[in-house]
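Let's walk through this one together, from the sheet outwards to a single side chain. Have the viewer open and follow along.

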Amino acid sequence: KLLIKQSRFKEYLYKFQKIIYIMPKSIRIIGINSSPRKKEGPSQQGSSTRILLQHALDKISNRADTEIIDLVDYHIEPSTGCYSTDENLNGLNCRHYKDDMKFIFDKIIKADGVSFSSPVYWLGITSRLSILFERLTELDPIVRNPKQRLLQGKVAGVIATAHVDGA
């Protein structure tokens, strides 16, 4: 059972749609779902977070190419802080990881915007999304030249879900 405040969700969705209609038609939006729930998983119930993310992306699919990445399907190692303040080094040179972040990085780099979604657990985002955010530092090194910052100019959105008020 999906517990959301319908009027609030519809209001935000309407604002989101208004923004999309002023954007060019050939944009790419990636949805990142950090919910650990899968229908075939231990809870035997799908993720309401993914349902809302899919619904939001469906509303803009006539104006943008969309795709959802379910973080539960990928192995992502925690950050080791290998980014550098040296402008000659780029965080993408962190080659010691043995995980799937290269695939996710490539998707984010090619996208015009990213919508992050997370259930609220203990007043925060999921651990998977937290690890992803830490690793995103590798795409946005601390340098003066904005062209080296691979997240520069990207639009981001957020969907938070909870089974109680206050998400």
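Start with the sheet: it is an open one, built from four strands in the order β2-β1-β3-β4, and the pairing is parallel. Keep in mind that you're looking at a predicted model. Now look at the two ends of that order. β2 (64-70) and β4 (155-161) are the edge strands, and each has a single partner strand, so one side of each is left without a neighbour in the sheet. As for twist, neighbouring strands of this sheet are turned against each other by 15° on average, with direction ignored.

A quick reminder before we go strand by strand: strands of a sheet pair through backbone hydrogen bonds, in either a parallel or an antiparallel way.

Next, zoom in on β1. With β2, this strand pairs in the parallel sense over seven bridges. On the β3 side, five bridges join β1 (residues 27-33) to β3 (residues 113-119), and these two strands run parallel. I32 is a handy residue for seeing both pairings: I32 stands opposite I69 in β2, while its bridge partner in β3 is F116. Move on to N33, and the bridge partner in β3 is S117.

So is β1 enclosed or open to the outside? Six of its seven residues are buried, so the strand is largely enclosed by the rest of the structure. The cut-off behind "buried" is a relative accessible area under 20%.

Now bring in the helices. Helix α2 (residues 48-60) lies across β1, β2, β3 and β4, and runs at about 170° to β2. Helix α3 (residues 101-110) lies across β1, β2 and β3, running at about 140° to β1.

Last stop: Y74, which you'll find in the loop between β2 and α3. Which residues does Y74 touch, if we skip those up to four places away in sequence? The answer is I69, D100, F103 and I104. You've met I69 already, as the β2 residue opposite I32. Y74 and M101 are 27 residues apart along the chain, and their C-alpha atoms are separated by 8.1 Å. Even with those contacts, Y74 is partly exposed, because its relative accessible area of 27% falls between the 20% limit for buried and the 50% limit for exposed.

Methods
Residues numbered from 1 in each chain as written. Predicted model: local features only at pLDDT ≥ 70, side-chain atom pairs only at ≥ 80, totals over all residues. Heavy atoms only, no water. Pairing = 2+ DSSP bridges. Axes fitted to C-alpha atoms, helices over the stretch in contact; angles between N-to-C directions. Contact = heavy atoms within 4.5 Å. Buried < 20%, exposed > 50% of the residue type's maximum accessible area, 1.4 Å probe, protein only.
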